[in-house]
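The exercises below are meant to be worked through with the sequence and the 3D view open side by side. Try each task before reading its solution.

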Amino acid sequence: MARNLTRQLALWSARVFAAHPDRTEPIYFALSGEHPVYQENAFLSSRRIFSNANVYSIHITTENRFLRERIHSMLQTHLLSVLPGNCALIQLVSFLPNQNRSVIPGFIVQDFQRKEETEIILKDMAKINECLLCSYKKSEGADLWQQSIWCATEGAEVKGSAHYIIPAAKPAAHVSVLNIDSVVFHCFEDAYAALQECKESIPEAKEILHLADQSPRHMQRSNFPVIVIEGLDATGKTTLTKSLQETLKGTLLRSPPPQLSHWRDQFDSQPAVIRRAFYALGNYITAAVIARESEKAPVIVDRYWPSTTAYAIATEVVGEKENLPSLYSKVYQWPTDLLKPDLVVVLMVSPEERIRRLQERGQVKTQEEKELEENNLFRERVDEVYKRIEGSICKIIDANCPKEEVLQQVLHLISQYCRL
Ligand SMILES: Nc1ncnc2c1ncn2[C@@H]1O[C@H](COP(=O)(O)OP(=O)(O)O)[C@@H](O)[C@H]1O
Ligand SMILES: Nc1ccn([C@@H]2O[C@H](COP(=O)(O)OP(=O)(O)O)[C@@H](O)[C@H]2O)c(=O)n1
């Protein structure tokens, strides 16, 4: 048993940690057995976390992404209510440099009064959940921290070797990018597997999976063109898609399709992996309808895969658009098993015009849309993902102009790119 824990401890030592990962500039640090070259400024921020307190780190190690997010939010609420005053809770993730899906979420707890009670509470919590608890005690007089690991499933504690806390190199991509594959699905099976992870806790997931099972797969568009209209809320999608339907005598569809609409509130409040899997499967279900309808008339689709991808990435990544996955990342590529339209038109309007239209409409907004309004960076990230999605298929148009002009611009694009 102890050997197993020692191995885990060695594994932890290979990891890099990011404290405050939701900030544009997290504090990156690592544990090192080697005496570091002394660079006071660089060391300061990471060591400050460990100095003058007993420090613990909790890591949520379950492989089930749904459980991981659930446990994370449950732990946060619980820790804030049970930890003694004078303890601080810091968001923490650990990861293997540049390795996708290696991110393990967790927390750092700083106990400035060094109370035994804190350790008892934390061990107790780690018992309930699939967690690893580590403690770090500063060695007398030295600049070293003794790391111990306590594993609930094994009910044992192992003292590791003493480590120096060293600042780790800032990764090439922001740490949030390493987790992007949990929310952007590259094929039907990935999205399906994500919903399966939660089907015991969320019975509605079984119904979505059932609908997905019944939906024909690998469908291709037929004789008539398929045009997708994209853009942030209030950029004019509903207005334009209706005009296009009339002008082209087409069929108007939207993703998620009507049979999924009544589950949206339920899935919008779930952990990101589940929420995004719901929309991703909605796209596959819509694809089958697009294929069928495009045998009879042109098809216009209000939101589809680009929405799912743009919102998923923009929510996961923090800060400036420069933090988005690199231009050549797989996340911007259309899934090969999902029906591809002839043309995607992205409507872009200035932030001021969008807010004016939102206010004019006076509708209750979703939380995500409220955030968009408050958070210009988020809006910029959504727009930037739209721009990065395979350029040849996505055409961005300036939709600040009157409705008729927007329609004319899009009809012109259709005449260029689609065979009517
Ligand atoms: N080109 C336009 N110029 C001015 N107002 C517009 C334009 N297009 C749409 N609107 C108005 O803006 C609001 C949002 O449009 P809507 O089509 O509902 O957007 P979305 O479907 O993208 O949320 C509506 O009140 C609509 O009448
Ligand atoms: N195909 C789709 C459609 C919507 N969505 C999600 O749904 C939200 C917007 O949907 P909405 O119906 O409120 O948008 P509007 O069409 O009303 O502008 C976004 O925040 C996305 O998270 C998605 O992920 N994939």
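**Exercise 1.** Determine how the shell around ligand 2 divides by residue class, and find which helices contribute to this shell.

*Solution.* Begin with the classes: in this predicted model, the shell around ligand 2 has four nonpolar, five polar and four charged residues. Next, look at the individual members, for 13 residues surround ligand 2, and the closest are Asp233, Tyr279, Ser307, Thr308 and Tyr311. Finally, turn to the elements: α10 (272-293) and α11 (305-316) each supply at least two residues of this shell, and the largest share, three residues, comes from α11.

**Exercise 2.** Work out how α10 and α11 are oriented relative to each other, and name the residues through which they meet.

*Solution.* Start from the axes of α10 and α11, which come within 9 Å and cross at roughly 170°. Angles over 145 degrees count as roughly antiparallel, and therefore α10 is roughly antiparallel to α11. The crossing in which α10 passes α11 is left-handed. On the side of α10, the contact is formed by Ala272, Arg276, Tyr279, Ala280 and Asn283, which meet Trp305, Thr308, Ala312, Thr315 and Glu316 in α11. Sorted by class, the residues of this contact are five nonpolar, three polar and two charged.

**Exercise 3.** Describe the surroundings of ligand 1 by residue, by element and by class.

*Solution.* First, the residues: there are 15 around ligand 1, of which Gly236, Lys237, Thr238, Thr239 and Arg357 come nearest. Then the elements: α7 (237-248), α12 (351-361) and α15 (403-417) give two or more residues each to the shell around ligand 1. Last, the classes: four residues of the shell around ligand 1 are nonpolar, five are polar and six are charged.

**Exercise 4.** Repeat the reasoning on helix orientation for α5 and α6, and state which residue classes make up their contact.

*Solution.* Helix α5 (residues 188-196) and helix α6 (residues 203-214) pack at an angle of about 155°, with their axes 9 Å apart. That angle makes α5 roughly antiparallel to α6, and the crossing of the two helices is left-handed. In the contact itself, Tyr192, Leu195 and Gln196 in α5 meet Ala205, Ile208, Leu209 and Ala212 in α6. These residues divide into six nonpolar and one polar, with no charged residue among them.

**Exercise 5.** Which domains does the assignment give, and what separation lies between their centres?

*Solution.* The domain assignment of the protein chain gives domain 1 (2-172) and domain 2 (218-259 + 285-417). Taken over C-alpha atoms, the centres of domain 1 and domain 2 are separated by 41 Å.

Definitions and conventions. Residues numbered from 1 in each chain as written. Chains lettered and ligands numbered in written order. Predicted model: local features only at pLDDT ≥ 70, side-chain atom pairs only at ≥ 80, totals over all residues. Near = placed C-beta within 6 Å. Helix = DSSP H or I, 4+ residues; strand = E, 2+ residues; numbered from the N terminus. Nonpolar A, V, L, I, M, F, W, Y, C, P; charged D, E, K, R; others polar. Axes fitted to C-alpha atoms, helices over the stretch in contact; angles between N-to-C directions. Parallel < 35°, antiparallel > 145°, perpendicular 65-115°, else oblique. Left-handed = near helix turned anticlockwise from the far one by under 90°. Contact = placed C-beta atoms within 7 Å. Domains from an automatic or database assignment.
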